[in-house]
Amino acid sequence: INNFKDHISIVITDNGKGFNVEKEQQSKSKIGLKTLQERVSILNGTFKVVSSKRGTTLYFNIPKNA
């Protein structure tokens, strides 16, 4: 977690097997990533997921004026 003057930045990383981000975001039965995106959007923030065979990283940026 990084606390900047105008926003908070959070990066979460694991070293798992990764997954297809686009497929997961489009899935109607899996809502985890959609729920995270909605909650970040409510706070006027940004959310990004990067995943590969070497693991997954979640990036969150939340403005402090949210």
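Two strands pair if DSSP finds at least two bridges between them.

**View 1. Meet the sheet of this predicted model.**
Four strands build an open sheet here, and along the sheet their order is β1-β2-β4-β3. The pairing is antiparallel. Look for the edge strands, β1 (2-3) and β3 (46-52), each of which pairs on one side only.

**View 2. Helix α2 rests against the sheet.**
Residues 32-42 make up helix α2, which packs on the sheet and touches β3 and β4 (55-63). The direction of helix α2 makes about 150° with that of β3.

**View 3. β3 and β4 are joined by a hairpin.**
Follow the chain from β3 into β4, and you pass through the two residues of the hairpin. How many bridges join β3 to β4? There are seven, and these two strands run antiparallel. As you trace this pair, find S52, which stands opposite G55 in β4.

**View 4. β2 pairs with β4.**
Eight bridges link β2 and β4, again in the antiparallel sense. To find one partnership for yourself, start at I8: its bridge partner in β4 is I62. While you are looking at strands, here is a handy general idea: in a regular strand, side chains alternate between the two faces of the sheet.

**View 5. β1 joins β2.**
Strand β2 covers residues 7-14, and two bridges join β1 to this strand. β1 and β2 run antiparallel. Which residue in β2 is the bridge partner of N2? That partner is S9.

Conventions
Residues are numbered from 1 along each chain as its sequence is written. This is a predicted model: local features need pLDDT of at least 70, side-chain atom pairs count only at pLDDT 80 or more; totals for chains, interfaces and linings use all residues. Side-chain values use heavy atoms; hydrogens and water are left out. Contact means heavy atoms within 4.5 Å. Axes are lines fitted to C-alpha atoms, for helices over the stretch in contact, and angles run from 0 to 180 degrees between N-to-C directions.
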